[in-house]
Amino acid sequence: LSLAAPPKEPVLMCRSNNYPKGFYCSWHLPTPTYIPNSFNISVIHGTKEMVCEKDVFPKNRCHIRYLQLFSTVKYKVTLTVTNALGKNSTTATFDEFAIVKPDPPESVVAKPVPNNPRRLEVSWQNPSSWPDPESFPLKFFLRYRPLILDQWQHVELSDGTSHTITDAYAGKEYIIQVAAKDNDIGTWSDWSVAVHATPWTEEPKHLTTEAQVTETTSASTSSFMPPPTTKICDKGAVAGSGAMAVCWTAGLVLAAYGVLFI
Amino acid sequence: MAAADSPSAALQRRDLCSRGIRLAGKMRSDVIDLLDTYVERQGLDASASVAAAVEGVPVAAAERWDEQTGTQRLLENLAAYRAFRALLAQMLEEQREQLGEADAALGRALAAVLLQVSAFSYHLEELLRLESHGPPSEERAACPPPPQLSLFERKLRGLGVLRELAQWAVRSARDLRQLAKPGPGSSSAPSPPESP
């Protein structure tokens, strides 16, 4: 049995992910009241009261269209929550620029570069929610690291939606993410979905190649291959190159030969 | 002078816009640094509220910004930066009278921003010439005599000037990007805004 409660101070967040069209505010209660609540939101800009159009889903969000751009006048948003046992409210005050935060970049793709064991080509797209990237360009922050290390490398890119990593460790699988920010104002987006890729590696010569040649010339019916002394190395799930990475201990001289068994 | 719509004029416009965007970006960065210095040296609270429309300070806020023509953008920008040039010169004089050599750093920072504002005004005049409009003549007497304000009111006014200038620097970069877009001549009206 849960006891009904008056609402605690709601948590309110406002953000513009579609600048310069407008912004949205969303809210929630820190603890449940166990009875129905109603929410009322007011948005004031200077002396003007603005309309916050409520979303059908989710119900705890509404949108405001900008009537002015480049204003130094702050926005004041007040959210009041009411139920049968009481009411509570919270107010957020902010500048137009301060709440601009794009959604993360989309369609991030990372590919090896043929014949380049230390390169990875990364590309992405502007978030589809950003309405006019030509007039309001985004800049990007790319981070990458091999799975076997904890430290990220970072690159900030002021234009373009692609970048070539040139210092990747050969044969190591990488994790890569991208974030976006308006070129002039606001804050960085969350990180994009992570993608994985491994730089191109050269395909090793197949062990049985010389043995097969020897077999053919000496008419052997079977062949004996000394077991290679291999070291288990990091999994090389190479994206796109089709090669398996094989490690050999130093000093091993590989001699492929056939042994005749009669 | 090349016709406003000729390919060479379009290239020149794009080049001037690109340089203008970089100037505006640098100017904004320096104004923000100056704001920090100003607030600290003048003993103000960074979040102090300044009257929405400080007399004589051009307001960056624009309604229907996306519907402006290129020429409108250039003219509004030029009028704003000419006004800022006069306001900053006034602030510099007041700062020298008030603090003299005691705060050379603030004076230097103000002078540096004033120089950038002047350079940007000139840049806008170049763009207007390219649009075959030519810049409007500057009315030397346009700047009204400084209002009789107390020291504190003058400090707050200065804060308002710098805040509005920082907004204008952002707006100017956006305006120049609009102007640099390929398409019909900059003087033509843009297409109606998209619905949300």
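This is a short tour of a predicted model, going from one annotated stretch of chain A to the interface between chain A and chain B.

**Stop 1: the annotated domain.** Select residues 104-204 of chain A. An unreviewed UniProt entry annotates this range as "domain: Fibronectin type-III". Colour the range by secondary structure: 48% of it is strand and 0% is helix. The C-alpha atoms at its two ends lie 39 Å apart.

**Stop 2: the interface as a whole.** Now show both chains. On the side of chain A, 21 residues are in contact with 22 residues of chain B. About 1800 Å² is buried between the two chains, and carbon and sulfur atoms account for 53% of that area. Select A:F70, A:T72 and A:D184 next; these residues of chain A lose the most area to chain B, together 33% of what that side buries.

**Stop 3: charged and polar links.** How many salt bridges are there between chain A and chain B? The count is five. One to display is that of A:K48 with B:E63, where the closest N and O atoms are 3.2 Å apart. Polar contacts across the interface of chain A and chain B come to 12 residue pairs. Sorted by class, the side of chain A that touches chain B consists of nine nonpolar, five polar and seven charged residues.

**Stop 4: strands that pair across the chains.** Select residues 68-69 of chain A, which form strand β7, and residues 62-63 of chain B, which form strand β1. The two strands pair in the antiparallel sense, over two bridges. Within this pairing, A:Q68 stands opposite B:E63. B:E63 is also the salt-bridge partner of A:K48 from the previous stop.

Conventions:
Residues are numbered from 1 along each chain as its sequence is written. Chains are lettered from A and ligands numbered from 1 in the order in which they are written. This is a predicted model: local features need pLDDT of at least 70, side-chain atom pairs count only at pLDDT 80 or more; totals for chains, interfaces and linings use all residues. Side-chain values use heavy atoms; hydrogens and water are left out. UniProt positions are given in the numbering used here, feature names are shortened, and annotations may be inferred rather than shown by experiment. Helices (H or I, at least four residues) and strands (E, at least two) are DSSP runs, numbered from the N terminus. Contact means heavy atoms within 4.5 Å. Buried area is the accessible area (1.4 Å probe) that two parts lose on being put together, summed over both. A salt bridge is a side-chain nitrogen of Lys or Arg within 4 Å of a carboxyl oxygen of Asp or Glu. A polar contact is a pair of N or O atoms within 3.5 Å; within protein, one must be able to donate a hydrogen and the other to accept it, and residues adjacent in sequence count only if both atoms are side-chain atoms. Ala, Val, Leu, Ile, Met, Phe, Trp, Tyr, Cys and Pro count as nonpolar, Asp, Glu, Lys and Arg as charged, and the others, Gly among them, as polar. Two strands pair if DSSP finds at least two bridges between them.
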